[in-house]
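Biologist: Got a minute to walk me through this one? I'd like to know what the model says before I go back to the bench.

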Amino acid sequence: MTAYDTGVLILRVCLGLTMAAHGYQKFLGGGRIPGTARWFDSIGMRPGIVHARLAASSEIGVGLALAFGLLTPIAAAGFVALMLVAAWTVHRSKGFFIVGEGWEYNLVLAVGAVSVATLGPGRISLDQLIFGTDRVDGWWGFGLAVGLGLAAGVGQLALFYRPPAPARS
């Protein structure tokens, strides 16, 4: 195993488990799915209950897939879609920096996942075990992660995002 394989493994596991933890928190933390559904409704992602379940499941699924290096470009596309929707619906109006609830964190997660899809999952991955050198990475991994992720995120926003009307003074 090379330093490259070790570095990609560390990055994959960190990004993947971070995303999976976000999904887990939606299922079992604080307000659980009903609270998350109310929050989704409040930001304009309707129906909230559907998006709460889909977001939580997707975060766990793509997070674990990236952590294990399974279908890596598709998992990375999930990161792009999830983070695009989060950045647009919640963080866009708050600027860049996370300390002000901006979209900085969303960008880092999405770009990190796309980087892994581009570099490939490394030797210690399910993709390597299943596909060997026939796995998709490089420019194809990049294109699949970015293209599919943007299409899914933009599609979800177009179909389901109905922002609340601004409060009247």
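Modeller: Sure, one term up front: buried means under 20% relative accessible area, exposed means over 50%, and partly exposed is in between. Also keep in mind that this is a predicted model.

Biologist: Okay, so where does G147 sit, and how much of it is accessible?

Modeller: G147 is in helix α7. Its relative accessible area is 37%, so G147 counts as partly exposed. As for distances, G147 and A158 are eleven residues apart in sequence and 16 Å apart in space, C-alpha to C-alpha.

Biologist: And M45, buried or exposed?

Modeller: M45 counts as buried because its relative accessibility is 0%. It lies in the loop between α2 and α3.

Biologist: What is M45 in contact with, skipping its neighbours within four places in sequence?

Modeller: With those set aside, M45 is in contact with F40, H51, V85, T89, Q156, L157, F160 and Y161. If you want a distance too, M45 and L84 are 13 Å apart in space, C-alpha to C-alpha, and 39 residues apart in sequence.

Biologist: Switching to the core. How many residues are in the largest nonpolar one?

Modeller: There are 20 residues in the largest nonpolar core, and L15, M19, L66, F79, M83 and L109 have the most contacts inside it. At least two of its residues come from each of α1 (3–28), α3 (48–68), α4 (72–91) and α5 (104–119).

Biologist: Which helix gives the most to this core?

Modeller: That's α4, with seven residues.

Biologist: You listed F79. What does F79 contact, again leaving out neighbours within four places?

Modeller: F79 is in contact with L15, G16, M19, V62, G63, L66, L109, A110 and A113. Apart from the largest core there is another core, of twelve residues, including I43, A55, A56 and Y161.

Biologist: Now charges. How many salt bridges turn up in the whole structure?

Modeller: Four, from a search of the whole structure. Side chains of opposite charge can pair when their charged atoms come close. One of the four is R123 with D5, where the closest N and O atoms are 3.3 Å apart. That pair links distant parts of the chain: R123 is in the loop between α5 and α6 (126–131), D5 is in helix α1, and the two are 118 residues apart.

Biologist: How accessible are those two, R123 and D5?

Modeller: R123 has a relative accessible area of 49%, so it is partly exposed. D5 has 5%, so it is buried.

Biologist: What about E59, which residue does it form a salt bridge with?

Modeller: E59 pairs with K26, and the closest N and O atoms are 3.0 Å apart. E59 lies in helix α3 and K26 in helix α1, so the salt bridge ties together parts that are 33 residues apart in sequence. Both E59 and K26 are buried.

Biologist: Is there another you can name, and what's the N to O distance?

Modeller: D137 and R135 meet through their side chains in a salt bridge, at 3.1 Å from N to O. D137 is partly exposed, with a relative accessible area of 24%. R135 counts as buried because its relative accessibility is 18%.

Biologist: On to pockets. What volume does the largest pocket have, and which residues are closest to its centre?

Modeller: The largest pocket holds about 670 Å³ of space. It is lined by 30 residues, with K26, A55, E59, L82 and A86 closest to its centre. K26 and E59 are the salt-bridge pair from before.

Biologist: Which elements line the largest pocket?

Modeller: The ones giving two or more residues are α1, α2 (32–43), α3, α4, α5 and α7 (138–160). The most comes from α4, with nine residues. By type, the lining divides into 16 nonpolar, twelve polar and two charged residues.

Biologist: And how does the lining of the second largest pocket divide?

Modeller: Into twelve nonpolar residues, one polar and one charged. That pocket has a volume of about 220 Å³. Of its 14 lining residues, V80, M83, L84, L107 and A110 lie nearest its centre. At least two lining residues come from each of α4, α5 and α7.

Definitions and conventions: Residues are numbered from 1 along each chain as its sequence is written. This is a predicted model: local features need pLDDT of at least 70, side-chain atom pairs count only at pLDDT 80 or more; totals for chains, interfaces and linings use all residues. Side-chain values use heavy atoms; hydrogens and water are left out. A nonpolar core is a set of buried Ala, Val, Leu, Ile, Met, Phe, Trp, Tyr and Cys residues joined through side-chain atoms within 4.5 Å. Buried means under 20% relative accessible area, exposed over 50%, partly exposed in between (1.4 Å probe, protein chains only). Helices (H or I, at least four residues) and strands (E, at least two) are DSSP runs, numbered from the N terminus. Contact means heavy atoms within 4.5 Å. On a 1 Å grid over the protein atoms alone, a cavity is a set of points where a 1.4 Å probe fits but cannot get out, and a pocket is an open set with protein on both sides within 12 Å along at least five of seven lines; lining residues have an atom within 4 Å of a point. Grid points are joined across faces, edges and corners, and a volume is the space filled by probe spheres set on the points. Ala, Val, Leu, Ile, Met, Phe, Trp, Tyr, Cys and Pro count as nonpolar, Asp, Glu, Lys and Arg as charged, and the others, Gly among them, as polar.
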